[in-house]
Amino acid sequence: MASVSIRDVRKAFGAVQIIKGVNIDIEDGEFVILVGPSGCGKSTLLRMVAGLENITGGEIAIGGRVVNNVPPKERDIAMVFQNYALYPHMTVKDNMAFSMKLRNAPQGEIDERVSRAAKILGLGHLLDRYPRQLSGGQRQRVAMGRAIVRDPQVFLFDEPLSNLDAKLRVQMRSEIKELHQRLKTTTVYVTHDQIEAMTMADKIVVMHDGIVEQIGAPLDLYDNPANTFVAGFIGSPAMNFFKGRASGSSFVADGGFTLPLPKLKTAVEGRAVTLGLRPEHIRIAADGVPAQVVVVEPTGSETQVALKLGAEGHEQEIIAVFRERLAARPDETITIAPLAGAALLFDSDSGARIH
């Protein structure tokens, strides 16, 4: 196990800057997830840690050793790819043992490590099969087993669950988290799925357009986003945003309706601000704002409702999530209000959170 230090790392392809000076500290044994939309640079950054991409500027250290010019095979890392990258002509056992055979490890040690990894991942009955004879989830376990057999200082995962169906993704999320709790190996994991990030990570790094927007524990990012990008990206369904102005203790939306302002230490009177409100922080209230029902989507445990707020010509569609059953139908009007203290406020120009 080892820490990973990323210092002012940059990557350019010609004149195009992909990574624009990223700083991340990953502690020994920590499970860190890089998350962000497609094209934000998270996979490129992971490939630079692995040594599969050259660094344009900055420094990457693994276990205190700067590895900028160290080849991938000498970095003591193991990478699990999105497409599994298994050798089709080799059995499960041979795939898992391959890296150790390349190192001319004793056969007894190879058998012991493969057996241990197979037991951890429930692959013991599949060791003599070929990849074509396995399901997607089984192939992903074999790819993870191959990484475990190497006993590296750092595990790197590049969107390993994106090829799996929804039910299997949930199962594999749990298995990967349990695996980390058992092995306690430093892990860097890339995904665009913020639900994966929220449920698995010790620490999340939110990336956007080649920079780090915010780093923190999952619930810290959820409760205290630094800006509108993080607030809108973390959470499902996404946070609702309203543009308007602060007036006294009220927020006057551009759509003509009024909501209570959150308590602030910063003076915002008259400023153009954006109010953020999570769907689950909206309640039905007799003294609330009128909202027209657009779509009702019951999921069993909760009801997700698309609503329109605001004067005609200035309507805004939002999403609300209610724990109680809702009898309302499309085009009916209900009255809603934010839960006390749940709204967040952001500067409309910069997007930065106003505390």
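In this predicted model, the second largest pocket has a volume of about 150 Å³. Its lining brings together P260, L261, P262, K263 and R283 with the run P338, L339, A340, G341, A342 and A343. Sorted by class, eight of these lining residues are nonpolar, one is polar and two are charged.

The largest pocket has a volume of about 560 Å³. It is lined by 19 residues, and those closest to its centre are I77, A78, M79, S99 and R150. Three elements, β6 (77–80), α2 (92–102) and α4 (136–150), each contribute at least two residues to this lining. The class count for the largest pocket is 13 nonpolar, one polar and five charged residues.

Helix α2, one of the elements around the largest pocket, also holds D94. Is D94 buried, partly exposed or exposed? With a relative accessibility of 29%, D94 counts as partly exposed, because the partly exposed class runs between 20% and 50%. D94 and V114 are separated by 20 residues in sequence, and their C-alpha atoms are 9.1 Å apart in space.

Turning to enclosed space, a search of the whole structure finds two cavities of 30 Å³ or more. The largest cavity has a volume of about 60 Å³. Its walls are made by F242, L259, L277, I282, L309, I318, I336, A337 and P338. Strand β18 (residues 333–338) supplies the largest share of that lining, with three residues. What classes of residue line the largest cavity? The count is nine nonpolar, with no polar and no charged residues. P338 belongs to the lining of the largest cavity and is also listed in the lining of the second largest pocket.

The second largest cavity has a volume of about 30 Å³. F31, F155, F157, I176, L179, H180 and T187 line this space. Two elements, β7 (154–158) and α5 (166–183), give two or more residues each to the lining, and α5 gives the most, with three. By class, this cavity has five nonpolar and two polar lining residues, and no charged ones.

I176 links the second largest cavity to the hydrophobic packing of the model: this residue lines the cavity and is also a member of the largest nonpolar core. That core has 48 residues, and the members that touch the most others are I33, M96, M144, I176, Y189 and V206. Which residues does I176 contact, once neighbours within four places in sequence are set aside? The partners are F31, M144, F157, P160, L161, Y189 and M200. Among them, M144 and Y189 are themselves on the list of core members with the most contacts to other members, while F31 and F157 share the lining of the second largest cavity with I176. As a general background to such a core, nonpolar side chains tend to be buried together in soluble globular proteins.

Several backbone features deserve a look. Most residues other than glycine have a negative phi, and most peptide bonds are trans. Against that background, E159 has a positive phi of about 45° although it is not a glycine. E159 sits in the loop between β7 and α5, the two elements that give two or more residues to the lining of the second largest cavity. Is E159 buried or exposed? Its relative accessibility is 13%, so E159 counts as buried, the limit for that class being under 20%. D209, also not a glycine, has a positive phi of about 55° and is found in the loop between β9 (203–208) and β10 (211–216). The peptide bond joining S236 and P237 is cis, with omega about -5°. P237 is placed in the loop between α8 (228–233) and β11 (240–247).

Strand β11, which follows that loop, is part of an open sheet of six strands. The order across the sheet is β13-β12-β11-β14-β19-β20, and the pairing is antiparallel. At the edges are β13 (258–260) and β20 (353–354), each of which pairs on one side only. How many bridges connect β19 and β20? Strand β19 (residues 344–347) pairs with β20 in the antiparallel sense over two bridges, and F346 stands opposite R353 in β20. In general, strands of a sheet pair through backbone hydrogen bonds, either parallel or antiparallel.

Key
Residues are numbered from 1 along each chain as its sequence is written. This is a predicted model: local features need pLDDT of at least 70, side-chain atom pairs count only at pLDDT 80 or more; totals for chains, interfaces and linings use all residues. Side-chain values use heavy atoms; hydrogens and water are left out. A nonpolar core is a set of buried Ala, Val, Leu, Ile, Met, Phe, Trp, Tyr and Cys residues joined through side-chain atoms within 4.5 Å. Buried means under 20% relative accessible area, exposed over 50%, partly exposed in between (1.4 Å probe, protein chains only). Contact means heavy atoms within 4.5 Å. On a 1 Å grid over the protein atoms alone, a cavity is a set of points where a 1.4 Å probe fits but cannot get out, and a pocket is an open set with protein on both sides within 12 Å along at least five of seven lines; lining residues have an atom within 4 Å of a point. Grid points are joined across faces, edges and corners, and a volume is the space filled by probe spheres set on the points. Helices (H or I, at least four residues) and strands (E, at least two) are DSSP runs, numbered from the N terminus. Ala, Val, Leu, Ile, Met, Phe, Trp, Tyr, Cys and Pro count as nonpolar, Asp, Glu, Lys and Arg as charged, and the others, Gly among them, as polar. Two strands pair if DSSP finds at least two bridges between them.
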